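Open the model in your viewer and colour it by chain. The stops below are meant to be selected in turn.

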Amino acid sequence: MPTNFFKTRNWYRFSRNPLSITGAVIVIVVVFLAVFAPYVTPYPDHSGAALDFANMNNPPDSKNFFGTDGMGRDVFTRVIYGYRVSLLLGIVVLSLAVPIGVGLGLIAGYYGGRVEIVLMRITDVFLAIPALVLAMAIMGFLEPTLINAMLAVSVMWWPWTTRLVYNLTRSIKTEDYVVASKVVGASDSHIILFEILPNCLPTILTKMTLDMGFVILVAASLSFLGLGVQPPTPDLASMVADGSQYLPDQWWLSVFPGIAILIVVLGFNLLGDGLRDMLDVEM
Amino acid sequence: MPLTKYFFNRIWASIFVLFGVSVLIFLIARAIPGDPARMALGPRASTEMVEQLRERLHLNDSIPVQYYHFLRGVTEGDLGMSLYTKRPVVQDLAEYFPATFELVFFAGLIMVIVGIPLGILSARHQDRLTDNVARIIALLGVVTPTFVWAIFFMLIFAYVFDILPVMGRLGETVEPPPHITGMYVFDSILAGQWHTCKDALLHMIMPAAALALSGLGQAARLTRTNMLESFGRPYTEMARAYNFTEVQTSMKYALRPAMIPTLTILGLDFAVMLGNAFLVEEVFAWGGLAQYCVSAIFYKDLNGIVGTVLVISMFFLLVNMVIDLVVAYLNPRIRLG
Amino acid sequence: MPSPLLQMRGLHLKFDLFEGRSHVLNGVDLSIKKGERVAIVGESGCGKSTAIRAILGLLRGRNVHLSGSILFGGNELIDNKSRKLWGDIRGRRISMIFQDPTAALNPVFTVKDQMTNVIIRGGKVRSRKAALNIARDALKRVAIADPDRILNTYPFQLSGGLAQRVMITMALINRPELVLADEPGSALDVTVQEQTLHLMSDLTQEDGAAVLIITHNLGVVREFAQRVYVMYAGSIVEEAGVEELFNNPAHPYTRALIDAVPKLTGGDLPKTIEGVVPDYTNPPTGCRFHTRCSFAQDACREDQHMTDLGHGHRVACVLHNNINRLSVK
C-alpha cells in the first residue's frame, strides 16, 4: 500500500519534536561530509601524513576554519576524515555485535531453561566489567589497530543487545498470537523468525541508532588512551589527545575535534530518541 | 526473613559473576597469541631464562591447570608480580585504587545530588522552559565524551581563568597527608590537616565534575522518564484528589516508586562511570588505577591488566549490592517477599 | 427549592491530539442534591470518567481545554486557582473512589502512612496518633476486624476486596458531602464488586453523603442510584429517576443499553448495539448517536435539546415521547 510517509502518524510524532529533526539533520550532514570527504574538504591530502612547514600551528582563520596542527595540516580536513573513521567503526561494530546479540537474546528468551541460564549468566559477566575497561584490556593483549579496536568494542557490545532482546522476547513469547501459532504447530524457528523477531525490530532499530553514537563514544575513549587507531590515520579522539598537550596555546587542536565527536554522538542520540517516540518502543 | 534471603542471593550472584569475570579475563589473557614470558623478559633474554619463567608462571601447563593456579593465587590474595612495577600486583592495586575510588566517590555524589533533582525538576515542568533547559543539560552530559569535558574544564577554569589547579591530586608544595585510607581528602580530615584537605578538594573539583557529567545526564534522564511514568499512575491522581501539595505529591508519592527503576538502571550504568574514570585520570594525571592500567597495557603486563579488571569489577559489583539494598528498602515487594 | 450541591452547566472539554482537536465533552449539564445518589451510565469511552475528573480539577496539561461551569456549594470550580478552595474541597468535601484500588493505593507506602496523611489533610486532627485512632475506628466500620494488621501492610499484600475497603474508608474518612465513584470495583471480580457497592451504599447513607457513581453496568444503576444520567459520546442524552428510566426509556440509546442486558428470565438473546462510540475529533453533527440509531432521520443532524417529559424525566431526542408508540419489537 503506497502511503505517503510524511502524512502518517509516525511522521507526525517524529516531526512534532524539533530535536528529532535536528538529530536527523546532523546525522545526514555528517554522513554526507564523511562520504564526500575528498570533495568537500579544502586539503584532502592532509588526511594522511602530510607536512607543510609554512603553515604550522596556525590559529583558525578563513583559510583553515579549525586552524592547522603541528605538521601544518588543516584540522578541518582531518576532522571530516575523522568522521569517516568514526562512522566506519560504528557500522562495523554494530554489524558484528547486533546479529550476535539479537540471536543470543532470541534463543535465551525463547527457549528458557538451561540455555537461558547459561547465556544470561555469561551476559552478566560481560556487563560486570565496564565496557571501556574490558575493551582496554582486550586492546592490551592486541596490537592497537583500527580492526582490533573494532573487535574489542564488538566483544563488549553484544551483551547489551542480548539483554534487551532477551527481555523483549520473554514478554512477546506470552502474547496470544505467539501462543496461537504454537498451538497450530508452527516450528520454533518459524515462531522466532516470523513472529517474535519482527516485533523486536522497532526496538532493535532504535537501540542501534542510539548505540551508533555510544559506540563512537567508547571507541573515541579507547583512541584517547592511545589504544585505538594509530597515526597518521585521522581519528578525532587521537587528535583531542595529541592536541591536549598543547593547551592552552593551541586550543583549536583539541577543542574542534572534541566538539566534532560531541556533535555526531548528539545527532545519533537525538535521532534515536525521535525514533523511540515515533515507534513507541520502551527501553 | 525475606530481606536477608534476598541479600544472600545477591551476594551469591555477585560472587558467581566475579568468578565468571576471572575466567573471562584469564581466557582473554591466555588466548591472545604471543608468549607472556618472552614479552616480560624482552627479546634479548636467553631461551633458558624464558623457559624458567614459563615454568614458574605455570605457562607450560594446560589452560585449566593454569587457571587453577591463578584462582588459587587470587583466593590467597596473590595476583602475581607486575612486570611493569616489578612488585606484587596486589600491592600496586592497594596503592592506586584509593585515588580512583576517591575520584569516583565524589563524582558519584555529584551525579546523585545534581542529576536526580534535575530529573525531578524536568518532570514537574514537562515540556516547559525549565524542562527543556534541564533536558539539554542532561543530553549534553550524556553525549559529550568525558575526556572532552575534562579538557574543556581544564582550558576554562585552569588556563583561561586560573581559578583551579591544572592537574594532579595535590599542589606541588603540599605534603600528602599521612597514609590511612590512601584517599587524600579523607586522610587529611582524619589527620586534621585542613590546609591539605582544602587543596585536595580544590584538585578534586574539575576531575570529579568532568567525570560526573555523563552519569549526571543519565541520572536526570532516567529520573525524568520514571517520574513521568509515576505521574501518569492512578496513585498520583489519587494523591492529587486528596489535595496533597504539589511538593508532597511529587517528592513523596510519585518520587519513591520512580526511584526504584531509576536506581536499578543507574547501578548498571555505574560501569560507564568507572570506565570514564580512566579517561579523567589520564587528562588530569591523577595517578590512580588508570595510569597503572594504561602503563601495564603498554608493557604487556598481563598480571597488572588482569588485576585491574578484577578490582574494577569487584568495585562495580559491590556498588550494585549497595544499590540493591537501597532498592530493597524502597520497594516493599522485595523487602517483604 | 434548595440549590443543588453540585451543578454542572454546559461543560465542554477538548483535547488537542495528533488527529486534531478532540471534542470529548459536548455540553454536559448535571446536578446533584444533598445526599442524593446519582449515576452516570454509558459505554466505555463516552466521557464519564473525564466528566467526574473535571469536578476535582484533575484534568491537567496544556492540551486540555475546559469550559462551562461547575458550581459546588456556590463556588466555581472551573479554572479555580485558589489553593485554599481546593484544599477545602479535595479530599474533604468531595472525595473520589478510584476504579482499581490496587493501582490507586501507592505501592511503596503502608496503608497507615497513606490513611493518616489523608486524615491529617482533612484537618480534624493534627497528631499522627490521633489520626491513627481515627483510621482504626474507620477500618472497623468497614468490617475489618484487625485494623492494626491492615494498617501495617503495603497495598500489594492486600486482596482486591480489602484494598477496595481501605480505599472506601479513605474516601469517607473526612465525612465528605459528595463522593465520586469511578466504576467502583469493576477491576475486581463480580462478588467483590457487589460487596463494594453494598458497603458504599450503606456507609454513604449513614453519613448522608451524596454519591455520583459512574458505571457502564445498568444492574449497578438499578441497585444503587436514585436518579440516572445516560451519557453518550460526551453528551447527556437522557435523565430520569431510576424506576422511570427502566420503565419508560425515552432515548433510543437508553433502550439499546437496556436491551443489551442479558435477562435471567431467559427469552431472547440480548441485543447488542451496532457500531462503536464515534471518533471525537470528527463527531457526527447533531445527535451523536444518529449514526448508530435505528430511528435516525434527517432532523437528527441538528443539535438536540433536552425536552422535559415531566417528573424530572428529560430527553434529548427528536422522537422524545413518541418512541414508545413506534414499533420497537
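The tour goes chain by chain, with stops at the contacts between chains. Keep in mind that this is a predicted model.

**Stop 1: chain A**

Select chain A and show it as a cartoon. Its secondary structure comes to 11 helices and 0 strands, so expect the pattern α-α-α-α-α-α-α-α-α-α-α when you follow the chain along its sequence. Turn chain A to view it along its principal axes: the C-alpha trace spans about 75 × 50 × 25 Å. Of its 283 residues, 50% count as buried. Among the contacts in chain A with a separation of 6 or more, 70% are between residues 24 or more positions apart.

**Stop 2: chain B, coloured by confidence**

Now select chain B and colour it by pLDDT. The mean for chain B is 88, with 98% of the residues at 70 or more. Which elements of chain B have the lowest and the highest mean pLDDT? Helix 2 (residues 36-41) of chain B has the lowest, at 71, and helix 5 (residues 89-124) of chain B has the highest, at 93. Where pLDDT is low, the predicted coordinates should not be read in detail.

**Stop 3: where chain B meets chain A**

Keep chain B and bring chain A back. Here 39 residues of chain B are in contact with 36 residues of chain A. On the chain B side, the elements that give two or more residues are helix 1 (2-31), helix 6 (129-143), helix 7 (146-160), helix 11 (246-284), helix 12 (289-298) and helix 13 (302-330) of chain B. Select helix 11 of chain B to see the largest share of this side, 10 residues. Colour the residues on this side of chain B by class, and they divide into 33 nonpolar, 5 polar and 1 charged.

**Stop 4: the largest nonpolar core**

Show side chains for A135(A), M136(A), V153(A) and A150(B). In the largest nonpolar core, which has 277 residues, these four touch the most other members. Centre the view on M136(A). Which residues is M136(A) in contact with, leaving aside its neighbours within four places in sequence? In chain A they are L222(A), L225(A) and L227(A), and in chain B they are C293(B) and I297(B).

**Stop 5: where chain C meets chain B**

Hide chain A and show chain C beside chain B. This contact takes 19 residues from chain C and 18 residues from chain B. On the chain C side, select helix 2 (83-89), helix 3 (101-104) and helix 4 (111-122) of chain C, the elements that give two or more residues. By class, this side of chain C has 13 nonpolar, 3 polar and 3 charged residues.

**Stop 6: chain C as a whole**

Show chain C alone. Its secondary structure comes to 11 helices and 12 strands. The radius of gyration of chain C is 21 Å, close to the 20 Å that the globule rule gives for 329 residues, so chain C is as compact as a globular protein of that length. Its C-alpha atoms fill a box of roughly 65 × 50 × 45 Å along the principal axes. Buried residues make up 43% of chain C.

**Stop 7: the sheet in chain C**

Select the strands of the open sheet. There are 8 of them, in the order 6-7-8-3-9-10-12-11 (chain C), with mixed pairing. Strand 6 (94-97) and strand 11 (307-308) of chain C stand at the edges with a single partner strand each, so one side of each has no neighbour in the sheet. Next, zoom in on strand 3 (residues 37-41) and strand 9 (residues 227-232) of chain C, which pair in the parallel sense over 4 bridges. To finish, label V38(C) and look across to strand 9 of chain C, where R227(C) stands opposite.

Conventions
Residues are numbered from 1 along each chain as its sequence is written. Chains are lettered from A and ligands numbered from 1 in the order in which they are written. This is a predicted model: local features need pLDDT of at least 70, side-chain atom pairs count only at pLDDT 80 or more; totals for chains, interfaces and linings use all residues. pLDDT is the predictor's confidence in each residue, from 0 to 100. Two residues are in contact if their C-beta atoms, placed from the backbone, lie within 7 Å. Ala, Val, Leu, Ile, Met, Phe, Trp, Tyr, Cys and Pro count as nonpolar, Asp, Glu, Lys and Arg as charged, and the others, Gly among them, as polar. Two strands pair if DSSP finds at least two bridges between them. A residue is buried if 20 or more other C-beta atoms lie within 10 Å of its own, exposed if 12 or fewer, and partly exposed in between; C-beta atoms are placed from the backbone. The radius of gyration is taken over C-alpha atoms; the globule rule is 2.2 Å times the number of residues to the power 0.38. A nonpolar core is a set of buried Ala, Val, Leu, Ile, Met, Phe, Trp, Tyr and Cys residues joined through C-beta atoms within 7 Å.
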